Amino acid sequence: MEEASRLSRYLYTVIVLFVIWLFLTASLDPQELAFGLILSLIVAALTYEIFTTGGLSNLHPKKLAYAIAYIPYFLWAMIMANLDVAYRVLHPKRPIRPGVVKCKTVLNTDAGKLALANSITLTPGTITLDVDGEDYFIHWIWVPDEALTENDEEHVKAASANITNPFEKFLKVIFG
């Protein structure tokens, strides 16, 4: 059982490294393909234990479909956030109400939490300051009224609904 798991992790690492090689070289020349495959086999042998814990199960069609769907979703969220920040910067009254908010996540894996933190930070107007277990502390350019309530639980729910929840619906399937 353990050998199959190690083999699965090794093969997954080889596949991912070889796909990265294909994207970086943008070539289908047989010599470059052979060199890329050999290099992927060697690097995977040295790194598969730290590269993945899921192995080939990461290539499940549902996970791949969600990963592919996440790319345009994230790009759309980034474009909308850019337009929102541009509006706030160009508006004569500078409508900003910055603050640090606490959000909670439903993600359990370190890779999922990292992807969420990076997605938040790469979206203009928000920066992930700290991650502590399931709690995210995020600097937000516009903290709405419902996230400023006295009740900490309501504050967290309101902030999470706006910041973490939209990304989590994809990331919990991809990294779950």
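Let's start at Ser 40, a residue of helix α2. In this predicted model, Ser 40 touches Val 14, Leu 17 and Phe 18, once residues up to four places away in sequence are set aside. Is Ser 40 buried or exposed? Its relative accessibility is 3%, and because buried means under 20%, Ser 40 counts as buried.

From there, turn to helix α1, which spans residues 2-25 and includes Leu 7. Leu 7 helps to make a nonpolar surface patch of about 530 Å², together with Leu 11, Ile 15, Val 19, Phe 23 and Leu 56. Unlike the buried Ser 40, Leu 7 is partly exposed, with a relative accessible area of 48%.

Follow the chain into the loop between α1 and α2, where you will find Ala 26. Look at its backbone: Ala 26 is not a glycine, yet its phi is positive, at about 50 degrees. This residue counts as exposed, at 69% relative accessibility. A second residue to look up is Arg 94, in the loop between α3 and β1. Arg 94 is also a residue other than glycine with a positive phi, near 45 degrees. Its relative accessible area is 49%, and so Arg 94 is described as partly exposed, since the label exposed needs a value over 50%.

Now for the rings. How many aromatic pairs does the structure hold? There are 10 of them. One to look at is formed by Tyr 73 and Phe 170, a tilted pair with 4.8 Å from centre to centre and 40 degrees between the planes. Why does this pair tie together parts that are 97 residues apart in sequence? Tyr 73 lies in helix α3 (residues 61-90) while Phe 170 lies in helix α6 (residues 165-175), so the pair links those two parts. The two partners also have their own exposure labels: Tyr 73 counts as partly exposed at 25% relative accessibility, whereas Phe 170 is buried at 13%. If you widen your view, ring pairs link both residues into a cluster with Tyr 66, Tyr 70, Phe 74 and Phe 167.

Stay with helix α6 for a moment. Which of its residues are buried? They are Phe 167, Glu 168, Phe 170, Leu 171, Val 173 and Ile 174. These buried residues pack against α3, against β1 (99-104) and against α4 (110-122). Two of the names, Phe 167 and Phe 170, are ones you have just met in the ring cluster.

Another ring to find is that of Trp 142. Arg 97 lies over the face of Trp 142, at 4.5 Å from the ring centre.

We can finish with another serine, Ser 160, which sits in helix α5 (residues 152-162). Ser 160 is buried, with a relative accessible area of 6%. What does Ser 160 contact, leaving aside its neighbours within four places in sequence? The answer is Cys 103, Lys 104, Asn 165 and Pro 166. Take Cys 103 as an example: Ser 160 and Cys 103 are 57 residues apart in sequence, but their C-alpha atoms are 4.7 Å apart in space. Like Ser 40, where we began, with its contacts to Val 14, Leu 17 and Phe 18, Ser 160 touches residues over four places away in the chain.

How values were computed
Residues are numbered from 1 along each chain as its sequence is written. This is a predicted model: local features need pLDDT of at least 70, side-chain atom pairs count only at pLDDT 80 or more; totals for chains, interfaces and linings use all residues. Side-chain values use heavy atoms; hydrogens and water are left out. Patches are made of residues with over 30% relative accessible area and no salt bridge: like charges are joined within 9 Å, nonpolar side chains (Val, Leu, Ile, Met, Phe, Trp, Tyr) within 5 Å. Accessible areas come from the Shrake-Rupley method with a 1.4 Å probe; for residues, only the protein chains shown count as cover. A salt bridge is a side-chain nitrogen of Lys or Arg within 4 Å of a carboxyl oxygen of Asp or Glu. Helices (H or I, at least four residues) and strands (E, at least two) are DSSP runs, numbered from the N terminus. Buried means under 20% relative accessible area, exposed over 50%, partly exposed in between (1.4 Å probe, protein chains only). Rings of Phe, Tyr and Trp (its six-membered ring) pair if their centres lie within 6.5 Å; planes under 30 degrees apart count as stacked, over 60 as edge-to-face and the rest as tilted. A charge sits over a ring if NZ of Lys or CZ of Arg is within 6 Å of the ring centre and within 35 degrees of the ring normal. Contact means heavy atoms within 4.5 Å.
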